Amino acid sequence: MSKAYEISVWKPNRGKHAEFMKRWAEIAAIFKENGVSDILVLNGHAGKDVGNIVIIQTFKSLTDNGIVNDAISESASMKAWMEKNKDLDGATMISHDLYTEAN
């Protein structure tokens, strides 16, 4: 089975880059405790994603992606984070896609 990758691109609101990164670190910890294999965070410096943040989450497979995402949505930690940050407006999601490795 091929690994699966969720790739999200975020555009931080003006003056909110540091805040977004702090909040993302909190979310990443919750994601990892619920089974995300690896998370890579990239800052865009050239091309279409200049100024954007690209987040690549790695999963063991498409099946694992579904299982882990279900676990995250049911996680008490994630629910508490969402409630605490419900009014947060630090970034806009540009895209969110799911890929597998080409064989």
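I started in the middle of the sheet and found L40 standing opposite I56 in strand 3. This is a predicted model, so I keep that in mind throughout.

**Strand 3 and its partners**

L40 sent me to strand 2 (residues 38-43), which pairs with strand 3 in the antiparallel sense over six bridges. I then checked strand 1 and strand 3: they also run antiparallel, joined by seven bridges. There I noted V9 opposite V54 in strand 3.

How many residues of strand 3 (residues 53-59) are buried? I got seven of the seven, so the strand is largely enclosed by the rest of the structure. I looked at each face in turn. On one side I53, I55, Q57 and F59 are buried, and on the other V54, I56 and T58 are too, so both faces count as covered.

**The whole sheet**

In which order do the strands of the open sheet lie? I read it as 2-3-1-4, four strands with antiparallel pairing. Strand 2 and strand 4 (91-100) are the edge strands, each pairing on one side only. From one strand to the next I get an average twist of 15 degrees.

For the strand 1 to strand 4 link I found nine bridges, with the two strands running antiparallel. E6 stands opposite L98 in strand 4.

**Helices over the sheet**

Next I looked at what helix 1 lies across: strand 1, strand 2, strand 3 and strand 4. Its angle to strand 2 is about 170 degrees. Helix 2 lies across strand 1, strand 3 and strand 4, and runs at about 55 degrees to strand 1.

**Aromatic pairs**

I searched the whole structure for aromatic pairs and came away with two. W10 and F20 make a tilted one, 5.5 Å centre to centre with 45 degrees between the planes. W10 is in strand 1 (residues 4-12) and F20 in helix 1 (residues 17-33), so this pair ties together parts ten residues apart in sequence. I checked F20 for exposure as well: it is buried, at a relative accessible area of 10%.

Why is the pair of W24 and F31 edge-to-face? The ring planes stand at 90 degrees, and over 60 counts as edge-to-face. The ring centres are 5.6 Å apart. Both W24 and F31 are buried.

**A stop at S61**

I wanted a look at the loop between strand 3 and helix 2 (62-74), where S61 sits. Is S61 buried or exposed? Its relative accessibility is 7%, so I put it down as buried. The S61 side chain reaches the backbone nitrogen of T63 at 3.4 Å. Leaving out residues up to four places away in sequence, S61 touches M1, S2, K3 and A4.

**Overall numbers**

Last, I stepped back to the whole protein. I counted three helices and four strands, following the pattern β-α-β-β-α-α-β along the sequence. The radius of gyration is 14 Å, close to the 13 Å from the globule rule for 103 residues, so the protein is as compact as a globular protein of that length. The C-alpha atoms fill a box of roughly 40 × 35 × 15 Å along the principal axes.

Buried residues make up 37% of the 103 residues. I also looked at contacts between residues at least 6 apart in sequence, and 74% of these join residues at least 24 apart.

How values were computed
Residues are numbered from 1 along each chain as its sequence is written. This is a predicted model: local features need pLDDT of at least 70, side-chain atom pairs count only at pLDDT 80 or more; totals for chains, interfaces and linings use all residues. Side-chain values use heavy atoms; hydrogens and water are left out. Rings of Phe, Tyr and Trp (its six-membered ring) pair if their centres lie within 6.5 Å; planes under 30 degrees apart count as stacked, over 60 as edge-to-face and the rest as tilted. Buried means under 20% relative accessible area, exposed over 50%, partly exposed in between (1.4 Å probe, protein chains only). Two strands pair if DSSP finds at least two bridges between them. A polar contact is a pair of N or O atoms within 3.5 Å; within protein, one must be able to donate a hydrogen and the other to accept it, and residues adjacent in sequence count only if both atoms are side-chain atoms. Contact means heavy atoms within 4.5 Å. Axes are lines fitted to C-alpha atoms, for helices over the stretch in contact, and angles run from 0 to 180 degrees between N-to-C directions. The radius of gyration is taken over C-alpha atoms; the globule rule is 2.2 Å times the number of residues to the power 0.38.
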